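Got the model open in your viewer? Let's take a walk through it, one selection at a time.

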Amino acid sequence: MDKKPIYVTSPSLPKLDDFIPYLKEIWENKWLTNNGAFHRQFEEALAEYLGVKYVSLFTNGMIALQVGLQALRITGEVITTPFTFVATTHSIHWNNCKPVFCDIEPETFTMDPDKVEALITPQTTALMPVHVYGNPCNHEKLQKIADTYGLKLFYDAAHVFGVKKEGVSVCNWGNLSMLSFHATKVFNTFEGGALVTNDENMKKRIDFLKNFGFADEVTVVAPGSNGKMDEFRSAFGLLQLKIVDGEIAKRQKVAQRYREMLKDVPGITMLYDLPGVRHNYAYFPIRINAEKYGMTRDELYNKLKSENIMSRRYFYPLCSDFPTYRGLPSAAASNLPVATRVAREILCLPMYAELTDEAIQKIVTLIYG
Ligand SMILES: *Cc1c(COP(=O)(O)O)cnc(C)c1O
C-alpha cells in the first residue's frame, strides 16, 4: 500500500526562485503593510483579471465577509444557505444578525430562489447566497427578488475564482462578492481574501472599515476592524496570478478523467459543466445513492480513508445543524429537505492540479470495487 496519503487538495505554488526578487524588493522598501506598492499592484491586477471594477484585499475571507456586511449596513435577518462552509453563517452571527436558512437546488446545490420569498419578513435586509463548488447561483432570479423587496445581495464567492458566465465574471453580480484566497482554494495567497464591488463609494467605505475605520490620519468614520493584507502576500498573489489559468486547465483535465471513469458506476452521480459557464474545477463532489450503490457515503469515505485517501464530506453537517444555529425555526430539516439529503450523500474526491493519473486510477478502482 502506498503510504503517502492523497489529500482532498494540494495548494498550487509558483516556483520559489520566482518569489525571491519580490522578497528582495520588500526588504529594500521596508514597507510591510498598509496599502504598500505590491498591495496596490495586486488590487489592480486582480480587478483586471476578474474583469471587475474594484477589489479590496483582505487578510482572509472571513473578515471580508464581516466587513462586507458592515459596509452594506445589514441588520435584522439575512437569508442564506445551510450548504456552505461555516464562515458564511458565522459572519451573519458576528454582525448581530439572524441567519435564515433557505433550501438548495437539487442540480447545483446553490440557494433555491423559488424558496426565498416564503422566508422574507419585515426584518429581512439581505440575501447571502453561495456559489457552492464553483457553481454560479441563479443570479437573475435572486436579483429580481432582491429588487422587488429592496434587499441587498451579497455573494459568498469563495469558490468561484475565475468563474465566468457568458464571458462575464460572476463576481460582478449583486452588491458585493467575497473571495477567499485560503490555501485550500483554487487561487491562494496562503491566507487571504477580497471584496469585489463595482461601486466606487462602496470600495472607499470598505477600505476605511478594513483599516479600523480611518478615513485619514485623524478621522475615524466607523468602528472598523483590521483586515488588511500585507506586502508579502500581495506580492505572492501577483505571482500566483501568472500561473492560475494553467492550474485551472490542469484541474479541468482531472475533472474530465474522473467523469469519464466514473460515468457508469450505478448510484454515483456527478456535477457537469453548466452551459455558458467557464468553470474552475474547485472541487469534485460525487453524490452517493446508498441503495443503488450498495454502500453509504460514510462507508465509502471510511473505505477510502483506510487506503490513505482523504476525501471530505463538504458540506456535512449543514450549518443549520451546529449548536449555535440548530434552534432557529429555519434550521428544521423539514424546511431543508434537499440540503438535508445532499449533506448525507455528498463526498468531495481529491481534486487539485497536480493529482496524478495513477492516483485517480487508484481512487476510481476503490470506488468501483
Ligand atoms: C473558505 C471559505 C470561506 C472563508 O474563507 P477564509 O479565507 O478561509 O476565511 C467562506 N466561505 C466559503 C464558502 C468558503 O469555502
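A word on burial before the first click: buried means under 20% relative accessible area, exposed over 50%, and partly exposed in between (1.4 Å probe, protein chains only). This is a predicted model, in which local features need pLDDT of at least 70, side-chain atom pairs count only at pLDDT 80 or more, and totals for chains, interfaces and linings use all residues. Residues are numbered from 1 along each chain as its sequence is written, and side-chain values use heavy atoms, with hydrogens and water left out.

**Stop one: a sheet and its helix**

Select 268–270 and 346–349. These are β12 and β15, the edge strands, each pairing on one side only. They belong to an open sheet of three strands, ordered β12-β14-β15 with antiparallel pairing. Strands here are DSSP runs of E, at least two residues, and helices are runs of H or I, at least four, numbered from the N terminus; two strands pair if DSSP finds at least two bridges between them. From one strand to the next the twist averages 35°.

Now add helix α7, residues 231–262: α7 packs on the sheet and touches β12, β14 and β15, its direction making about 20° with that of β14. Contact means heavy atoms within 4.5 Å. Axes are lines fitted to C-alpha atoms, for helices over the stretch in contact, and angles run from 0 to 180 degrees between N-to-C directions.

Zoom in on β14, residues 284–288, which three bridges join to β12 in antiparallel fashion. Which residue of β14 stands opposite I268? It is I288.

Stay in β14 and click P285. P285 counts as buried because its relative accessibility is 5%. Beyond its neighbours within four places in sequence, P285 is in contact with Y133, T269, M270, L271, I346, L347 and C348.

**Stop two: along α7**

Still in helix α7, pick F232. With 33% relative accessibility, F232 counts as partly exposed. Add L13 and F190 to the selection: with F232 they form a nonpolar patch on the surface, with about 290 Å² of accessible area together. Patches are made of residues with over 30% relative accessible area and no salt bridge; like charges are joined within 9 Å, nonpolar side chains (Val, Leu, Ile, Met, Phe, Trp, Tyr) within 5 Å. Accessible areas come from the Shrake-Rupley method with a 1.4 Å probe, and for residues only the protein chains shown count as cover.

**Stop three: salt bridges**

How many salt bridges does a search of the whole structure find? The count is 18, each a side-chain nitrogen of Lys or Arg within 4 Å of a carboxyl oxygen of Asp or Glu.

- K250 and E354: the closest N and O atoms are 3.0 Å apart. K250 sits in helix α7 and E354 in the loop between β15 and α11 (357–368), 104 residues apart. K250 is partly exposed at 36%, while E354 is exposed at 51%.
- K98 and E77: the closest N and O atoms are 3.9 Å apart. K98 is in strand β3 (98–101) and E77 in strand β2 (77–80), so the pair ties together parts 21 residues apart in sequence. E77 counts as buried at 11% relative accessibility, K98 as partly exposed at 35%.
- K210 and E43: their side chains meet at 3.6 Å, N to O. K210 lies in the loop between α6 and β10 and E43 in helix α2, so this pair ties together parts 167 residues apart in sequence. Both K210 and E43 are buried.

To finish, show K203 and D207 too: E43, K203, D207 and K210 are linked in a network of salt bridges.
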